[in-house]
Amino acid sequence: MSENVDTTQAPLKIGPPRSRLSRLLESRQLGVVALGAACLAPFVTATPYALNVMTTAAIFVMLASGLNIVVGYCGLLDLGYIAFMAVGAYTAGIISKSFELPLIFTIPAVLVMTVLAGLIIGAPTLRLRSDYLAIVTLGFGEITRITANNLSITGGPSGIFGIPGLLKIGGLDVEEPAVLYYVTVLVVAGFVLASARLGKSRLGRAWRFVREDEDAAEAMGIHTYKVKLLAYIFGAIWGGLGGVLFAAHLSAVSPQSFIFLQSALVLMAVVLGGMGNMRGVVIGALVISLLPELLREFASNRYLAFGLLLVIVMVFRPQGFWPARGYERERATLEAGAAAVPTEKRR
Amino acid sequence: MTQLLWDGLFVGSFYALIALGYSMVYGIIKLLNFAHGDVYMLGAFIGFALLSSMGGIPASLSLGALLIVLLVSMLITGTAGVLIERLAYRPLRGAPRLAVLITAVGVSFSLEYGIAAIAGPNPRAYPIRLEGGVFQVLGARVSLPQIVLMLIAAALMVALNFYIQKTSTGRAMRSIALDANASLLMGINVNAVITRTFFIGSALAGAAGVMAGAYYGKIDFLMGFIIGLKAFTAAVIGGIGNIKGAMLGGLVLGFVEAFGSEWFGGEWRDVFAFAVLILFLTLRPTGILGERVTERM
């Protein structure tokens, strides 16, 4: 079986994980354990502040898992990712406020708007070199923020406030911080799982192929433009729904929440965690959003540290701290569990 | 009308100066140097530090002092550009494009927040302001500092054009842009030329930074972000990798912004610039002068 062996590198055997740590980290139960930990966290500390921080972190995980589809799986650099969150949050906020609807009913409109936004940016630029996409998304992020700042329907610089809660059924009001936290955690867990599954699907393999070698992917019959556009649109959907959660959490949306710094932080979560590896991305997102809260003295210079870390990681470990392993086993050996597939080619 | 043209010309010459560095680096090693706008910011802050350390400068000498500070700042930012290339970009030459782009974002972040940590996050007032008579030319208000700064910008661009067209290093740059491996085989020290390119590009951005500080009077650590984006837009409009295109693109963008903010209101100025970028990438990604491949460098 040599069809997917990289001839420029000595094949590296990916057997079962060797060390105890990596066996622990790659066990199937890890996701369940993490979800359990997230559900138990309010029993340890449930001050309003702690719940606020944890809900914010969960939303950040949602964003990172969406950006991971674009950057991690497909290798397209999106520097204005927060704009999709802005589109989602503003759409949800405007509709639910003007029609007095709970936020959950705005989701169809949010989906339409974010997909449209993704198409407007992705369609013209994805045919070009990926550098252009990076800078156009950067410009798009700024356009979105400035537009929200200038229009009257978005409330100008002060934004929209007093947004209704996510849902209210009888006595269960999702606006209650603890309830909102659980709802957020469950929704985010679902989307993280969906994103991880997408990465292993046929489409996910196509994405990784495009990332590794676009010309070869095209030669193999992958419609690279369509595949890239799909990655971009999936990312947009994740971002937009993250925006709905954001609007529900803060019950207010303002342009200051969507500056470039936020896009850069999400990107750092994806890159530092390990591009393409959903577990690493979740951990990266948690570290980036929780570390400044835990280490107050670290908070003042964290951006400098993040910037330097980004350069250092890229120079010494371009695949991220915890990259995805090439764990697609060959069909024949799937049952045996002893796979010998080379790592994915990174360079 | 003439006022708008003049404003566009003035702002455009700043954009052009920064776009040159973008375009040169992109033309030679196909690297999108996100940190370029921050080198401009660095230049403004170095100029600020130099002028502050010189103490009180009599108003009559302010132009001379500014020129000296400009030269010293160009040297320092040029060196900073070389260091950035050596430490962050060279180890990644030949790496996937995504890794290089992310590194550039990291460098940009490090510069911004490094300066914020050193100089403080609040805006600083520049120690000297260029002042001079304002006079009317064909109905436009033109001030002496504007003319001086535009002359400096024009002189730098003419010098750069001469350097690239007539000197042996310039020829080496153009040949590396065409084919880096063949240039290596022809005995060109590719690394040295790339280092020099970074030096020149960063020095020009630093000059623009000092000039912007002296003209607008206020600097802050995020000032390079938007202008970096706009300089890139200018480079794309003119045809990225093309030196004359970068100059032309800067001027075109200056005009577009001047007229756009006149017609649609100043708060849409930045939206306008990026809309032009997206439009150009959709309709003519090679830019105005892009098809002259042999001219590329």
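Over which residues of chain A does the pLDDT stay under 50, and how many contacts beyond four places in sequence does the model have for them? The stretch is residues 5-11 of chain A, and the model has 6 such contacts for it. The structure is a predicted model, and confidence varies along the chain. A second stretch of chain A, residues 328-347, also has a pLDDT below 50. Beyond near neighbours in sequence, residues 328-347 have 34 contacts in the model.

Chain A as a whole averages a pLDDT of 81. A score of at least 70 is reached by 82% of its residues. Among the elements of chain A, strand β3 (residues 172-173) has the lowest confidence, with a mean of 65. Helix α10(A) has the highest, at 93.

Chain A contains 14 helices and 4 strands. It has 347 residues, of which 46% count as buried. Contacts between residues at least 6 apart in sequence were also examined. In chain A, 76% of these join residues at least 24 apart.

One pair of helices in chain A shows how such elements pack. Helix α4 (residues 82-99) of chain A meets helix α10 (residues 224-250) of chain A at an angle of about 50 degrees. Their axes lie 7 Å apart. An angle of about 50 degrees falls outside the ranges for parallel, antiparallel and perpendicular packing, so α4(A) is oblique to α10(A). The crossing of the two helices is right-handed.

The residues of this contact come from both helices. From α4(A) come F84(A), M85(A), A86(A), V87(A), G88(A), A89(A), A92(A) and G93(A). From α10(A) come A236(A), G239(A), G240(A), L241(A), G242(A), G243(A), V244(A), F246(A) and A247(A). By class, the contact between α4(A) and α10(A) has 11 nonpolar and 6 polar residues. Charged residues are absent from it.

Chain A also touches chain B. The contact takes 36 residues from chain A and 33 residues from chain B. On the side of chain A, four elements give two or more residues: α5 (107-125), α6 (130-150), α11 (260-273) and α14 (302-316). Helix α6(A) gives the most, with 13 residues. The side of chain A that touches chain B has 24 nonpolar residues. It also has 8 polar and 4 charged residues. Charged residues thus appear on this side of chain A, whereas the contact of α4(A) with α10(A) has none.

Note on methods
Residues numbered from 1 in each chain as written. Chains lettered and ligands numbered in written order. Predicted model: local features only at pLDDT ≥ 70, side-chain atom pairs only at ≥ 80, totals over all residues. Contact = placed C-beta atoms within 7 Å. Nonpolar A, V, L, I, M, F, W, Y, C, P; charged D, E, K, R; others polar. Axes fitted to C-alpha atoms, helices over the stretch in contact; angles between N-to-C directions. Parallel < 35°, antiparallel > 145°, perpendicular 65-115°, else oblique. Left-handed = near helix turned anticlockwise from the far one by under 90°. Buried ≥ 20, exposed ≤ 12 C-beta atoms within 10 Å, placed from the backbone. pLDDT = per-residue confidence, 0-100.
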